[in-house]
Amino acid sequence: MSRTVEITILSAENLQVNRKPVKGNTFVAVHSDASSDASPVTKVDSEGGSYPSWNEKVVVNVPLHARFITVEVKCKTSSSSTGSNSVGVARIPVSDFIGGYVPENQLHFLSYRLWDCNVRRNGVINISVRVKVPERSSCTSNSVSFSAVTGVPVAVNGSTGVVTGIPALWLNYQRNL
Amino acid sequence: MDLLVANFVGLEAKLAGLTKVGQYVKTVLGPQFTLRNHLWVPQNSNLLRPFSDSTAASNGNPRLPDSLHFIDPSGRPNAYQRAIVEVGEVLQFYDSDKRFPTWGFGARPIDGPVSHCFNLNGSSHYCEVEGIQGIMMAYTSALHNVSLAGPTLFGPVISTAALIASQSVANGGRKYFVLLIITDGVVTDLQETKDAIVKASDLPLSILIVGVGGADFKEMEVLDADKGERLESSYGRVASRDIVQFVPFREVQSGFSVVQALLAELPTQFLTYVRSRNIQPSL
């Protein structure tokens, strides 16, 4: 079981490598812990230098038991076309956008401190996050439906009688086994 | 009534109040800051003289004239009352129902432990009061019913305000909230306060802080992010926008209103929020 989370990688600020401003060619990889999916990556920003902006939406499947999403800013190396160096990493607690008082499908604007591989502060990354809330009908076809059932009052006037009932869902569940 | 004297332990009692900046179109977006012309400027120059810098135990016994909470029988307002009236009168203009959730913090209600967020009206069920007059009445009656106590914690009040703002978002509300904190103490729970502010930066909320009295408010300037780095929480989340404005009452020079200084950033903070979310005024 997992949730679909849309993360828009907006921009980053004050990125450095070896205490010098990053020249450019940065991109961002997004990964959820407890997930074996390949990490989606953004396109490369070549214009923003140490203040790159991507404004790119990536979609991540976040397992229900995942606690963090990791975003990593990387920099293309000039020597090879595929190589890249890590610039900074931020671990984003899933609880920052799931489980609060605000509904999950709300758009959240979040910013995080980036840390380099020597655990030094290295700039800030700005993102927005929206959790895709599944349509109720889409998940009922193959699995047991847990929709609300209208009850019928079994006793009135404060009667203390006991009613025994078997949940209809339970019977369905047995049949599906 | 004697409680105040008997249990008097010290330094602080603060006031926090929350106001909704009404519905977008009716208030801030609607007039498109034409309000700047008449409301952002000093209203009554008599009220705006700088507050004298009292170095004596600032909060003291509310029954003595050197206390910031002293209720002058002649009717001259104390620093808290002036801050409530001056700032409140501008803010209430944007509030559609003029009902303000109002809390006190840094005090000990009757028979209770020190509280860092209690309903100022003394009710255990609801926190709202009616209008500025309601805040003033709740404030004076609270002074008789609580004993002042430290430390100065902002975290609980900010979290309570953030909860109200997030519940409004959850219910599909189109409201922007302004939390006004009036304090004479320097914040003790700086990291918890930062955490609460960073968390609230994603909500429709701005926080105005008025420092009264002669304390050294340097720490408070840290919360007001326009002077330097963005606020950072203890686990590395960074405020997505500046939502705090801090103004020490005493620094107000003649001819320059504390209200003006306090509210200067509010339009930008509000617009940053609605623009980033592409919220359109409902016409």
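Biologist: Is B:Thr193 buried or exposed?

Modeller: In this predicted model, B:Thr193 counts as buried, because its relative accessibility is 0%.

Biologist: Where is B:Thr193 found?

Modeller: B:Thr193 belongs to helix 6 of chain B, which covers residues 190-200.

Biologist: And what is B:Thr193 in contact with, leaving aside its neighbours within four places in sequence?

Modeller: With those neighbours set aside, B:Thr193 touches B:Phe154, B:Gly155, B:Ile158, B:Val187 and B:Leu223.

Biologist: Staying in chain B, which residues of helix 9 are buried?

Modeller: Helix 9 of chain B spans residues 266-276, and its buried residues are B:Leu266, B:Pro267, B:Gln269, B:Phe270, B:Leu271, B:Tyr273 and B:Val274.

Biologist: What do the buried residues of helix 9 pack against?

Modeller: Within chain B, they pack against helix 3 (79-91), helix 5 and helix 8 (258-263), as well as strand 7 (175-183), strand 8 (205-211) and strand 10 (244-248).

Biologist: Which residue with a positive phi follows helix 9 of chain B?

Modeller: That residue is B:Asn278, with phi near 55 degrees.

Biologist: What about positive phi values in chain A? Where is A:Asn18 found, for instance?

Modeller: A:Asn18 lies in the loop between strand 2 (16-17) and strand 3 (20-21) of chain A. Its phi is positive, near 50 degrees, in a residue other than glycine. In general, most residues other than glycine have a negative phi. A:Asn18 counts as exposed, at 66% relative accessibility.

Biologist: And A:Asn25, where is that found?

Modeller: A:Asn25 is in the loop between strand 3 and strand 4 (26-32) of chain A. A:Asn25 is not a glycine, yet its phi is positive, about 60 degrees. With a relative accessibility of 36%, A:Asn25 counts as partly exposed.

Biologist: Changing topic to the interface: how many residues of each chain are in contact?

Modeller: The contacts involve 17 residues of chain B and 18 residues of chain A. The two chains bury about 1,500 Å² between them, with 51% of that on carbon and sulfur atoms.

Biologist: Which residues of chain B lose the most area to chain A?

Modeller: They are B:Arg230, B:Glu232 and B:Arg237, which together account for 28% of what the chain B side buries.

Biologist: How many salt bridges are there between chain B and chain A?

Modeller: The count is four salt bridges. One of them joins the side chains of B:Arg230 and A:Glu13, at 2.7 Å from N to O. Across the interface there are also 11 residue pairs in polar contact, with both residues at pLDDT 80 or more.

Biologist: Which element of chain B gives the most to the side that touches chain A?

Modeller: Helix 5 of chain B gives the most, with four residues. The residues on that side of chain B divide into seven nonpolar, four polar and six charged.

Biologist: Last topic: how many disulfides are there over all chains?

Modeller: The count is zero disulfides over all chains.

Biologist: Why is there no bond from A:Cys75 to A:Cys117?

Modeller: The sulfur of A:Cys75 is 13 Å from that of A:Cys117, which holds its closest cysteine sulfur, so the pair is too far for a bond. A:Cys75 itself counts as buried, at 15% relative accessibility.

Biologist: And why is there no bond from B:Cys127 to B:Cys117?

Modeller: The closest cysteine sulfur to that of B:Cys127 is in B:Cys117, but the distance is 8.2 Å, too far for a bond. The cut-off for a disulfide is 2.5 Å between cysteine sulfur atoms. B:Cys127 is buried, with a relative accessible area of 18%.

Terms used. Residues are numbered from 1 along each chain as its sequence is written. Chains are lettered from A and ligands numbered from 1 in the order in which they are written. This is a predicted model: local features need pLDDT of at least 70, side-chain atom pairs count only at pLDDT 80 or more; totals for chains, interfaces and linings use all residues. Side-chain values use heavy atoms; hydrogens and water are left out. Buried means under 20% relative accessible area, exposed over 50%, partly exposed in between (1.4 Å probe, protein chains only). Contact means heavy atoms within 4.5 Å. Buried area is the accessible area (1.4 Å probe) that two parts lose on being put together, summed over both. A polar contact is a pair of N or O atoms within 3.5 Å; within protein, one must be able to donate a hydrogen and the other to accept it, and residues adjacent in sequence count only if both atoms are side-chain atoms. Helices (H or I, at least four residues) and strands (E, at least two) are DSSP runs, numbered from the N terminus. Ala, Val, Leu, Ile, Met, Phe, Trp, Tyr, Cys and Pro count as nonpolar, Asp, Glu, Lys and Arg as charged, and the others, Gly among them, as polar.
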